[in-house]
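Reader: I am new to reading protein structures. Could you walk me through this one, step by step?

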Amino acid sequence: MSAPQPAAAGAAASGLGGERADLLQTLDKHRGFLRFTVRDLNDEQAARRTTASALCLGGLIKHVAGTEAGWMRFVVGGADAMAAGPVGWEGQFRMAEGETLAGLLAGYEQVAAATDTLVASLPDLDLAHPLPAAPWFEPGAVWSARRVLLHLIAETAQHAGHADIIRESLDGARTMG
């Protein structure tokens with residue numbers, strides 16, 4: 001099995017250098033691992049739960065795309081701009097009626113391209129906003145665009161690992177090894 005090949009990052013394609021390129025290339029590497037995990041699957045397989053968890057592969061793609069889009073709204077407009085859309089907490093982790101893996105992947109590609117463009121255009125990675133009030137955030141905490149990108153890298157890498165376990169449980173295929 002060949003190693004996953006990440007899609008061409010917008011940052012790399014535009015010649016962006018330095019810290020921004022490092023952050024975006026690392027994020028894109030983990031996006032590539034996640035996308036590679038769902039290779040050659042049909043919609044039924046992508047929607048199937050294979051572990052005790054409620055997670056499915058299509059749901060993970062959907063969740064990571066939605067999370068990345070939400071955090072980019074935060075970078076631009078703060079906590080109020082980050083507010084979740086019509087998909088509830090559990091709904092973001094599963095494929096809804098009529099959703100397809102191809103559609104979810106296309107949406108994820110759009111989110112990734114928008115993130116790359118936004119990060120390249122930010123005047124400063126120190127641009128920061130207070131986090132929304134939530135039990136999982138330290139009260140009064142403020143995150144910079146840089147901190148948001150580091151969080152997205154960790155979130156994407158963690159969910160790529162989840163996806164690898166689900167995929168191996170589904171049909172024995174693995175992302176690496």
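Reader: How many helices and strands are there in the protein chain?

Author: This is a predicted model, and its protein chain has seven helices and two strands. Along the sequence, the elements come in the pattern α-α-α-α-α-α-β-β-α.

Reader: What share of the 177 residues is buried?

Author: Buried residues account for 45% of the 177. Contacts tell us about the fold too: of those between residues at least 6 apart in sequence, 75% join residues at least 24 apart.

Reader: Let's take one helix. Why should H2 span 28 Å?

Author: Helix H2 covers residues 18-37, which is 20 residues, and at 1.5 Å a residue the expected span is therefore 28 Å. The C-alpha atoms at its ends lie 29 Å apart, in agreement with that.

Reader: Is H2 mostly covered or mostly open?

Author: Mostly covered: 14 of the 20 residues in H2 are buried.

Reader: Now for pairs of helices. What describes two packed helices?

Author: The general idea is to give the angle between their axes and the distance between the axes. Here, H2 and H4 cross at roughly 155°, and their axes come within 10 Å. Angles over 145 degrees count as roughly antiparallel, so H2 and H4 are roughly antiparallel to each other. Their crossing is left-handed.

Reader: Which residues of H2 and H4 meet?

Author: From H2 come Leu-27, Arg-31, Leu-34 and Thr-37, and from H4 come Leu-57, Ile-61, Val-64 and Glu-68. By class, this contact of H2 with H4 has five nonpolar, one polar and two charged residues.

Reader: Those numbers seem to go up in small steps. Why do residues three or four places apart point the same way?

Author: An α-helix has 3.6 residues a turn, so residues three or four places apart point the same way. Look again at the H2 list, with Leu-27, Arg-31 and Leu-34 among the residues that meet H4.

Reader: And at what angle do H4 and H6 pack?

Author: Helix H4 (residues 57-77) and helix H6 (residues 101-121) pack at about 25°, their axes 9 Å apart. That makes H4 roughly parallel to H6. The crossing of H4 and H6 is left-handed.

Reader: Which residues meet between H4 and H6?

Author: The H4 side includes Ile-61, Val-64, Ala-65, Glu-68 and Met-72, while the H6 side includes Leu-101, Leu-104, Tyr-108, Val-111 and Thr-115. Sorted by class, the contact of H4 with H6 holds 15 nonpolar, two polar and two charged residues. Notice that Ile-61, Val-64 and Glu-68 of H4 also meet H2.

Note on methods. Residues numbered from 1 in each chain as written. Predicted model: local features only at pLDDT ≥ 70, side-chain atom pairs only at ≥ 80, totals over all residues. Heavy atoms only, no water. Helix = DSSP H or I, 4+ residues; strand = E, 2+ residues; numbered from the N terminus. Expected span 1.5 Å × (residues − 1). Buried < 20%, exposed > 50% of the residue type's maximum accessible area, 1.4 Å probe, protein only. Axes fitted to C-alpha atoms, helices over the stretch in contact; angles between N-to-C directions. Parallel < 35°, antiparallel > 145°, perpendicular 65-115°, else oblique. Left-handed = near helix turned anticlockwise from the far one by under 90°. Contact = heavy atoms within 4.5 Å. Nonpolar A, V, L, I, M, F, W, Y, C, P; charged D, E, K, R; others polar.
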